[in-house]
Amino acid sequence: MTDDASSSLLDGRALAQAVRDDVRADIQAWTDEGHRAPFLSAVLVGDNPASLAYVRGKEKDAAEVGIDTNTYHLDADTSQDALLERVHALNADDSVDGILVQLPLPDHMDEHTVIDAVAPSKDVDGFHSENLGRLLRGTPRYIPATPFGILEMLSRSEIDPEGMDAVIVGRSTIVGKPLAALLLRRTANATVTVCHSRTRDLAAHTRRADLLVAAAGQAAFIDADMVKEGAVVIDVGINRVDDPSAERGYRLVGDVDFAEVRPKAAHITPVPGGVGLMTRAMLLKNTLQAARLHAAHA
Ligand code: NAD
């Protein structure tokens with residue numbers, strides 16, 4: 001731990017900007033070689049305000065680094081077959097490098113069926129079963145953006161997980177499970193524990209974590225007692241809590257009680273301004289990779 005509390009902050013804003021600057025320079029070099037700009041197609045079904053905001057954020061980020069985008073906005077009552085038709089058309093379109101289907105989908109659709117309809121080579125979210133299989137095997141094609149962002153944050157902050165006891169709280173397919181697989185790789189060499197809603201005595205696990213990743217979606221439930229002195233704390237959670245003093249009537253908090261845990265942690269990510277921004281930046285990296293992949297197979 002350091003005396004200067006501010007030096008312990010893993011600043012997602014600055015780190016994500018650095019990633020975007022690198023991607024923009026790489027895309028500039030790519031187009032200077034005579035390639036067209038990478039192209040990302042987003043498909044959004046329905047009017048979920050959070051999803052609309054996410055897709056707008058992704059379009060803005062893409063424009064900043066030189067990725068062209070196109071968003072298909074389908075009605076909430078669109079049939080699954082109609083959505084699959086759209087996905088198949090994008091798969092067949094050589095001008096499209098990356099496809100993302102914004103989740104969650106309406107209840108009448110089966111997410112696995114839709115995700116597995118995306119061509120694996122265009123699945124920049126890395127959620128297709130083939131890409132998840134490759135990740136587990138240790139030969140990833142696209143790394144899902146949130147765990148990818150966490151690894152990038154660690155490496156850009158010169159935090160090496162080798163030999164660390166890494167405890168991940170949350171076993172979802174988009175965060176906990178892929179992050180566990182990545183931290184287990186020989187390139188990371190952490191010893192990984194994955195906790196979940198049925199874990200007995202969660203605190204006993206979190207308290208021995210050198211690297212604690214909270215991805216449960218429970219507002220500020222990791223308190224200082226659950227954290228080891230000097231731990232690296234990565235807060236993935238994004239939770240709305242009522243706040244009448246806020247303009248929107250709510251504010252966003254993570255899964256970690258930031259004020260309590262910060263003095264104890266060697267490094268900690270804020271919410272907002274942490275992992276969420278890295279997630280957005282890593283999608284751009286994956287889209288450039290998709291463009292390279294397509295050019296190599298054209
Ligand atoms: P999810 O609901 O799919 O999974 C939550 C996991 O947490 C489950 O495995 C569950 O078993 C576990 N869990 C829930 N309550 C728990 C408890 N009290 N103790 C121990 N484990 C518990 O969620 P998700 O999609 O992985 O998202 C998790 C959180 O991360 C949400 O707040 C979400 O908004 C946020 N998120 C943030 C980003 C980002 O970029 N920052 C990306 C994805 C998700």
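**Exercise 1. Work out which elements supply the lining of the second largest cavity in this predicted model, and what kinds of residue sit there.**

Step 1: Start with the elements. At least two lining residues each come from β1 (39–45), α2 (49–65) and β2 (68–74).

Step 2: Now put names to the lining. Going round the second largest cavity you meet L40, S41, A42, V55, K58, E59, T69, N70, T71 and L100.

Step 3: Sort them by class. The lining of this second largest cavity splits into four nonpolar, four polar and two charged residues.

Step 4: Add the volume. The second largest cavity holds about 40 Å³ of space.

**Exercise 2. Say how many cavities of 30 Å³ or more turn up, then describe the largest cavity.**

Step 1: Get the count. Two cavities reach 30 Å³ or more.

Step 2: Look at the largest cavity, which comes to about 60 Å³. Its lining is made of I99, L100, V101, I115, V118, D123, D125 and F127.

Step 3: Find the main contributor. Strand β3 (residues 98–101) gives the most to the lining of the largest cavity, namely three residues.

Step 4: Check the chemistry. The lining of the largest cavity has six nonpolar and two charged residues, with no polar ones.

Step 5: Tie it back to Exercise 1. L100 is listed in the lining of the largest cavity, and L100 also appears in the lining of the second largest cavity.

**Exercise 3. Describe the second largest pocket: its volume, its lining and the helix that matters for the count.**

Step 1: Take the volume, which is about 180 Å³ for the second largest pocket.

Step 2: List the wall. W30, H35, R36, D93, D94, V96, D97, K122, A291, H294, A295 and A298 line this pocket.

Step 3: Pick out the helix. α10 (residues 275–297) has the largest share of that lining, with three residues.

Step 4: Split by class. The lining of the second largest pocket has five nonpolar, two polar and five charged residues.

**Exercise 4. Trace how the ligand is held in polar contacts, and how much of its surface the protein covers.**

Step 1: Find the neighbours. The shell around the ligand has 22 residues, and R171, S172, S197, V236 and T279 come nearest.

Step 2: Begin with a side chain. From an N or O atom in the side chain of S172 to an oxygen atom of the ligand is 2.5 Å.

Step 3: Move on to the backbone. A polar backbone atom of S197 sits 2.9 Å from an oxygen atom of the ligand. For a polar backbone atom of I238, the distance to a ligand oxygen is 3.0 Å.

Step 4: Turn to the area. On its own the ligand exposes 860 Å², and the protein buries 71% of that.

Step 5: Finish with the make-up of the shell. Its residues divide into 10 nonpolar, 11 polar and one charged, and α10 provides the largest share, three residues.

**Exercise 5. Is D61 buried or exposed, and what does its side chain contact?**

Step 1: Place the residue. D61 is in helix α2.

Step 2: Apply the cut-off. D61 has a relative accessible area of 2%, and buried means under 20%, so D61 is buried.

Step 3: Look for a partner. The D61 side chain makes a polar contact of 2.8 Å with the side chain of R280.

**Exercise 6. Locate the cis peptide bonds at P104 and P272, and bring in A231.**

Step 1: Take L103 and P104, joined by a cis peptide bond with omega of about 0°. P104 lies in the loop between β3 and α4 (111–115).

Step 2: Take V271 and P272, whose cis peptide bond has omega of about -5°. P272 sits in the loop between β10 (267–268) and α10.

Step 3: Relate P272 to A231. C-alpha to C-alpha, they are 20 Å apart in space, with their positions 41 residues apart in sequence. A231 is in the loop between β6 (211–214) and β7 (232–235), and at 1% relative accessible area A231 is buried.

**Exercise 7. Which classes of accessibility do E158 and A220 fall into, given their positive phi?**

Step 1: E158 has phi near 55° and belongs to the loop between α6 (145–156) and β4 (165–169). At 74% relative accessibility, E158 is exposed.

Step 2: A220 has phi of about 45° and is found in the loop between β6 and β7. Its relative accessibility of 32% makes A220 partly exposed.

Notes: Residues are numbered from 1 along each chain as its sequence is written. This is a predicted model: local features need pLDDT of at least 70, side-chain atom pairs count only at pLDDT 80 or more; totals for chains, interfaces and linings use all residues. Side-chain values use heavy atoms; hydrogens and water are left out. On a 1 Å grid over the protein atoms alone, a cavity is a set of points where a 1.4 Å probe fits but cannot get out, and a pocket is an open set with protein on both sides within 12 Å along at least five of seven lines; lining residues have an atom within 4 Å of a point. Grid points are joined across faces, edges and corners, and a volume is the space filled by probe spheres set on the points. Helices (H or I, at least four residues) and strands (E, at least two) are DSSP runs, numbered from the N terminus. Ala, Val, Leu, Ile, Met, Phe, Trp, Tyr, Cys and Pro count as nonpolar, Asp, Glu, Lys and Arg as charged, and the others, Gly among them, as polar. A residue is near a molecule or strand if one of its heavy atoms lies within 4 Å of it. A polar contact is a pair of N or O atoms within 3.5 Å; within protein, one must be able to donate a hydrogen and the other to accept it, and residues adjacent in sequence count only if both atoms are side-chain atoms. Accessible areas come from the Shrake-Rupley method with a 1.4 Å probe; for residues, only the protein chains shown count as cover. Buried means under 20% relative accessible area, exposed over 50%, partly exposed in between (1.4 Å probe, protein chains only).
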